[in-house]
Amino acid sequence: MTEQTEIQIYMQKALALAKLSLGLSSPNPPVGAVIEKDGEIVGEGFTQEIGGDHAEIVALAKAGDRAEGGNMYVTMEPCSHYGRTPPCSDALIKAGIRRVFMAVTDPNPQVNGKGNNMLKQAGVETNIGNLSEEARDHYQAYFKYIKTGKPLLVAKYAMTLDGKIATKSGDSKWVTGERSRAIVHTIRSQMDAIITAPGTIRVDDPLLTARDAQGIPLSRQPLRIVVDSQGRTPKDAKLFSQPGDILIATGTEEAAAQFVGMSENVSTLVIGNESGKVDLDKLLIELGNRGVLQIMTEAGETFLGALFDHQIPDQVMAFVAPTIVGGAESPSPVAGIGIEKIGDAFSIDNIIVDGIENDVLVRGRLKTWD
């Protein structure tokens, strides 16, 4: 086995660990780290909740004295500044790490090469760029957050082969199979927030929680955001009885007042424009200020249409079932104003297609932020 092959194997392990940090570490980047010495993994870890240890520190703690003279494989450049925690680069130097392999540098102005320079000046050999393409894809939400202060939005939906999300009567349970729905729960658990609209709540009355294979809610739940300009969300909706925080974004104080005092986990945010509708761009800015890095939609054609009309989605995640519904009145995933010419259609790249039993999952990017 060549050295380059070994480097890729350890970096792939670090990337797998980094995925365990999704939905947990925000607004810090979801980082994974592996310490190898003499061909053996002696420490590994991923970034914990805000204020907790970074991936490098978790790995160092597990390695103990065995870290000295070892190699670290980390998905992003170690930090070099004092924030809620001390600099990771300094900890690597003190532990006697010999070489550090990084997938990508950290674009945060507080780091952005400083961590790499700190290591090199201390005599630690550094290498940047191993599995960088996979790492850049993993960090799209963090990259957007650093550049714009806004979270990345994933437009997720399920549809039939003829592009329908329900029948003409509105029946939509279930468009896709059980395995696809289980995967959605895994993806929810990796998100900082789920965003929906009152129409979806009235029609489907969803729980919008992340649940395990037995249907039990996970200990950590993404924030559930309801974009409800006029306060039309039913107060007896099932999501209000589920664990996890809920944010009702309204266009007016009057609409927000309907939800005040419902329960401790329900809060409101008045963020309307001149017409009294929720200002979606301002909402994203506010969510970024709250440390939300990644959001997924759980909504119908009207809300998704509004998001696309405002050119907000960054990624698409479409579950496609091998069924035909038909009917001119059967809804499709995206309504809204739409475009006039095919040449103006939203273009998706970096497409990944996965078979999920009888369904197909199509994922791709509308925008890149690296």
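**Cavities, a pocket and some odd backbone spots**

User: Which element gives the largest share of the lining of the second largest cavity?
Analyst: Helix 10, residues 280-289, with three residues of that lining. Helices here are DSSP runs of H or I with at least four residues, strands are E runs of at least two, and both are numbered from the N terminus. A cavity is a set of points on a 1 Å grid over the protein atoms alone where a 1.4 Å probe fits but cannot get out, and lining residues have an atom within 4 Å of a point.

User: What sort of model am I looking at?
Analyst: A predicted one, where local features need pLDDT of at least 70, side-chain atom pairs need 80 or more, and totals for chains, interfaces and linings use all residues. Numbering starts from 1 along each chain as its sequence is written, and side-chain values use heavy atoms, with hydrogens and water left out.

User: OK, back to that cavity. Which residues line it?
Analyst: Leu153, Ile195, Leu280, Leu283, Leu284, Leu307 and Ile312. By class that is seven nonpolar, no polar and no charged (nonpolar: Ala, Val, Leu, Ile, Met, Phe, Trp, Tyr, Cys, Pro; charged: Asp, Glu, Lys, Arg; polar: the others, Gly among them). The space inside comes to about 30 Å³, a volume being what probe spheres fill when set on grid points joined across faces, edges and corners.

User: How many cavities does the whole structure have at 30 Å³ or more?
Analyst: Two. The largest has a volume of about 90 Å³. Of the 14 residues lining the largest cavity, Leu22, Pro30, Ala141, Leu293 and Gln294 are the closest to its centre. Its lining has six nonpolar, seven polar and one charged residues.

User: And pockets? What's the volume of the second largest one?
Analyst: About 760 Å³. A pocket is an open set of points with protein on both sides within 12 Å along at least five of seven lines. The second largest pocket has 29 lining residues, and Lys19, Asp137, Gln190, Met317 and Arg363 lie nearest its centre.

User: Which element gives the most to that pocket's lining?
Analyst: Helix 7, with six residues. Other elements that each supply at least two include helix 1 (3-19), helix 5 (132-138), strand 12 (315-321) and strand 14 (359-365). By class, the lining of the second largest pocket splits into 14 nonpolar, eight polar and seven charged.

User: Switching topic: how many salt bridges are there in the whole structure?
Analyst: The search finds 11, counting a side-chain nitrogen of Lys or Arg within 4 Å of a carboxyl oxygen of Asp or Glu. Glu3 and Arg99 make one, with their closest N and O atoms 2.9 Å apart. That pair links distant parts of the chain, since Glu3 is in helix 1 and Arg99 is in strand 4 (residues 99-104), 96 residues apart.

User: Where are the cis peptide bonds?
Analyst: One joins Ser26 and Pro27, with omega about 5 degrees, and Pro27 is in the loop between helix 1 and strand 1 (32-37). Another runs from Lys173 to Trp174, omega near -5 degrees. Trp174 sits in the loop between strand 6 (152-160) and helix 7.

User: What's up with the phi of Leu208?
Analyst: Leu208 has phi near 60 degrees, a positive value in a residue other than glycine. Most residues other than glycine have a negative phi. Look for Leu208 in the loop between helix 8 (198-204) and strand 8 (223-227).

User: Last one: how many helices and strands, and what does the C-alpha trace span?
Analyst: The protein chain has 11 helices and 14 strands. Along the principal axes, its C-alpha trace spans about 65 × 45 × 45 Å.
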